[in-house]
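Me: I'd like a close look at a single part of this structure, with the surroundings that go with it. Please start from one residue and work outwards, explaining the terms along the way.

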Amino acid sequence: MTELLERTLTVGLLWHTLTSDNLGVGALTISQMKVITEAARRNKARVRFIIVSPSAPYTETSFLVEGFEVAHSAGFSQRAFMTGHFEAMTLLRQCCVVFNIGAGDSFSDIYGKKRLAMQVLANLLVRLYRKPLVMAPQTIGPFASFFGKQLGKIGLYAANRIYARDHLSMQYLSKTKCYNKSEEVIDVAFALPFERPSHESNNSTRIGVNVSGLLYNGGYSGRNEFGLALDYRALIDATCEFFLAQPSVEVYLVSHVISDTIEVEDDLRVSKKLVERYPDLRLAPRFSSPIEAKSFISGLDFFTGARMHACIAAFSSGVPVLPMAYSRKFNGLFSSLKYPYVLDCLRFDTENALQMLRQAFERRAQLAIEVEAGNRIAQAKLEQYVKQISDFL
């Protein structure tokens, strides 16, 4: 029997996007749509979404994404304002509630003050239009500068509800006046659907390695701007050599940021160069969606990488994983799941990092048990978020 949905809600999704080269941001958007749709269904309501982000093209006609209706989309960026394109502000006025996810980890000044300033401006505009504002599960901070800290506080004060996706972000919020409207849940990408592939039984161990183009190129500046304690290129070379030396393995390089325009970000270019040097490596497909990427990753026996949502795809599909952390967001998220196997690139030198990788691979059966336990925690936190959004709606 078809459920009768009595009303339609227009929900704004700020700093969500379906067009990013980073499949992790797409994973957040699709997962958020799934969560909000379920929360609305519990209120006998259906949802149409309006997407507002730096990379969203302006659309006047609605379209479906994985069964979810996107009524409109528009870009919200400094360039859009300077060229007189204010469609995003018009669309925000149409929303009954707005969710800002900050692209997962952009509510911080580690990627530059301009990005943070545009997010805070968007929050203030939503409140100026007297629309309820929810900061969806994301990393809050860190803030490296006094200006960033003050700007961040202004953005937080504008929100009606704030959801942290890890306990370190929650610790930061506990030191602010926003604590009473804040709560720790989990990254919504744990809700991303997937279809596990079937493989012919050839007794091979299938290993996935995600190489971050951004880290491999030394960050945007090329000068190790993330402050890694290890030589990332040397670690990747040693990782490839270690896995290829194992018996009966298939080693896949899995790109999760694929950009034809921003070379420094692109994982695929770097992976292709590695295959030229190590011909026994295999390239994973060029994924067209985050669901396709997660489905591929779910068929692996072990995974490691520095793109957090590639690691979440592995973890949430039950694959033993060793995340290579380059920022606080990794440590906070995985420790919230009581999962201790995180290679901290800000703390380990190259040799100690490689030693941890070897140990994790050798203990992958134990890692699988702890991944299963962590997923039970994640699903409980995800249900908590769905219930709270249902109550909020």
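Reply: Happy to. Let's start at F190, which counts as buried because its relative accessibility is 4%. Buried here means under 20% relative accessible area, exposed means over 50% and partly exposed is in between, with a 1.4 Å probe and protein chains only.

Two notes before going on. This is a predicted model, in which local features need pLDDT of at least 70 and side-chain atom pairs count only at pLDDT 80 or more, while totals for chains, interfaces and linings use all residues. Residues are numbered from 1 along each chain as its sequence is written, and side-chain values use heavy atoms, leaving out hydrogens and water.

F190 belongs to a network of rings. There are 19 aromatic pairs in the structure; rings of Phe, Tyr and Trp (its six-membered ring) pair if their centres lie within 6.5 Å, and planes under 30 degrees apart are stacked, over 60 edge-to-face and the rest tilted. In one of these pairs, F190 and F315 have ring centres 6.1 Å apart and planes at 80°, so they meet edge-to-face. This pair joins distant parts of the chain, 125 residues apart: F190 is in the loop between β8 (182-184) and β9 (205-210), whereas F315 is in helix α11. Helices (H or I, at least four residues) and strands (E, at least two) are DSSP runs numbered from the N terminus.

F315 counts as buried too, because its relative accessibility is 0%. F315 also pairs with F334 in a tilted arrangement, 5.7 Å centre to centre and 55° between the planes. Here helix α11, which holds F315, is linked to helix α12, which holds F334, across 19 residues of chain. F334 is buried as well, with a relative accessible area of 0%. Taken together, ring pairs join F190, F315, F334, Y339 and Y341 into a cluster.

Now the helix around F315. Nine of the nine residues of α11 (residues 308-316) are buried, so the rest of the structure largely encloses this helix. F315 is one of those buried residues, and others among them are M308, H309, C311 and I312. The cover over them includes α1 (23-41), α10 (290-297), β12 (302-305), β13 (321-325), α12 (328-336) and α14 (364-392); contact means heavy atoms within 4.5 Å. Just after α11, G318 has a positive phi of about 85°.

Two of those covering helices, α1 and α14, also pack on each other. Their axes come within 8 Å and cross at roughly 55°, where axes are lines fitted to C-alpha atoms, for helices over the stretch in contact, and angles run from 0 to 180 degrees between N-to-C directions. α1 is therefore oblique to α14: angles under 35 degrees count as roughly parallel, over 145 as roughly antiparallel, 65 to 115 as roughly perpendicular and the rest as oblique. The crossing of α1 and α14 is right-handed, meaning that the near helix is turned clockwise from the far one by less than a right angle, with anticlockwise being left-handed. On the α1 side the contact uses Q32, V35, E38 and A39, which meet L382, Y385, V386, I389 and S390 of α14.

For comparison, here is another helix pair. α8 (residues 232-244) and α13 (residues 350-362) pack at about 30°, with their axes 10 Å apart, so the two are roughly parallel. Their crossing is right-handed. Among the residues that meet are L235, F242 and F243 in α8, and L357, R358 and F361 in α13. F242 is buried, with a relative accessible area of 13%, and touches R358 and F361, leaving aside residues up to four places away in sequence. F361 has a further partner: the charged end of R364 sits over its ring, 4.2 Å from the centre. That label applies when NZ of Lys or CZ of Arg is within 6 Å of the ring centre and within 35 degrees of the ring normal.

Finally, a backbone detail to look up in the model: a cis peptide bond joins G141 and P142, with omega about 0°. P142 lies in the loop between β6 (133-138) and α5 (146-157).
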